[in-house]
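Here are some short exercises to work through with the model in view. Try each task before you read its solution.

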Amino acid sequence: MTTNGECRANGIRKSKPRPIISRSCSENYEINDVEVPGTPKTPRTSTTPGHEKCTFHHDLELDHNPPTREAMLPEMSRSYRLLLESLGENPDRPGLLKTPERAAKAMLFFTKGYDQSLEEVLNDAIFDEDHDEMVVVKDIEMFSMCEHHLVPFYGKVSIGYLPCGKILGLSKLARIVEIYSRRLQVQERLTKQIAVAVTKAVQPAGVAVVVEGVHMCMVMRGVQKINSKTVTSTMLGVFRDDPKTREEFLNLVHSK
Ligand SMILES: Nc1nc2c(ncn2[C@@H]2O[C@H](COP(=O)(O)OP(=O)(O)OP(=O)(O)O)[C@@H](O)[C@H]2O)c(=O)[nH]1
Ligand SMILES: [Zn+2]
């Protein structure tokens, strides 16, 4: 932060005009116009019994927080029992007796991010700090579920941001990864949602997120490419506009 209260980012010349970016510490850059791919513009009303008044949201303002997800366990178990029957299995044989319920609980765990909101996870761990150097937390383990095949994808997430008067409790970056990875996802949306969440939390001069994922839908089935990795990134603010800042982040991420 400089003496006139502006961020380090303020001295950087724009390569080309981007209407949503502002350099000033007080304004930062707007994320309202940063579209999160796959995010429904308007919340959808659930048709699930007991959830009629509940809206399914994938955006940050209105995280899906149904009080009755646990209450759906019996119905989910019945679905898994049907699935076992469809596979030609006998769900009443001793080894499978408790499988539908176990599978339902496991699926609830894999999607527990729907039960979390950004606000509650941050728990006010946002601190005023006159620090304007890059903060990077890298190689955060991530486990998610491919929304196309309902099989896992997993990998690691690296997050960097350039503070602008506020810093975030370090563990909260990993917790943000949990909120958005523990849902049905595509990797691109996950990457962007993490970046937007960090922006909402501390209004930094910029945020960078890189996700490296292995998709079991490409490993165990389909094209069966066992060594392929998918790398996605989202660069916001100064990381998007300033190649040097971006390079500094990428060097830190790739260093051993
Ligand atoms: N962009 C993107 N695609 C994904 C992700 N996870 C899975 N997919 C892709 O989703 C696509 C679904 O394609 P479809 O042709 O409808 O389904 P499919 O017949 O099972 O496709 P194959 O995987 O090619 O066998 C596949 O290309 C998957 O690789 C993701 O996180 N991001
Ligand atoms: Zn898939």
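**Exercise 1.** Find how strand S4 and strand S5 pair, and over how many bridges.

Solution. Start with the ranges: S4 covers residues 135–146 and S5 covers residues 152–162. (Strands are DSSP runs of E, at least two residues, and helices are runs of H or I, at least four, numbered from the N terminus; two strands pair if DSSP finds at least two bridges between them.) Next, the sense is antiparallel, over 9 bridges. One example is Ser144, whose bridge partner in S5 is Phe153. Finally, look at the link: the two strands form a hairpin with 5 residues between them, and Leu150 in the turn has a positive phi of about 55°.

This is a predicted model, where local features need pLDDT of at least 70, side-chain atom pairs count only at pLDDT 80 or more, and totals for chains, interfaces and linings use all residues. Residues are numbered from 1 along each chain as its sequence is written, while chains are lettered from A and ligands numbered from 1 in the order in which they are written.

**Exercise 2.** Which residue in S7 stands opposite Cys146?

Solution. First, S4 runs parallel to strand S7 (residues 184–185), joined by 2 bridges. Then look across from Cys146 and you meet Gln185.

**Exercise 3.** Check the span of helix H1 (residues 73–86).

Solution. The expected span is 1.5 Å times one less than the number of residues. H1 has 14 residues, so 20 Å is expected, and its end C-alpha atoms are 20 Å apart, which agrees. After H1 comes Gly88, with a positive phi near 90°.
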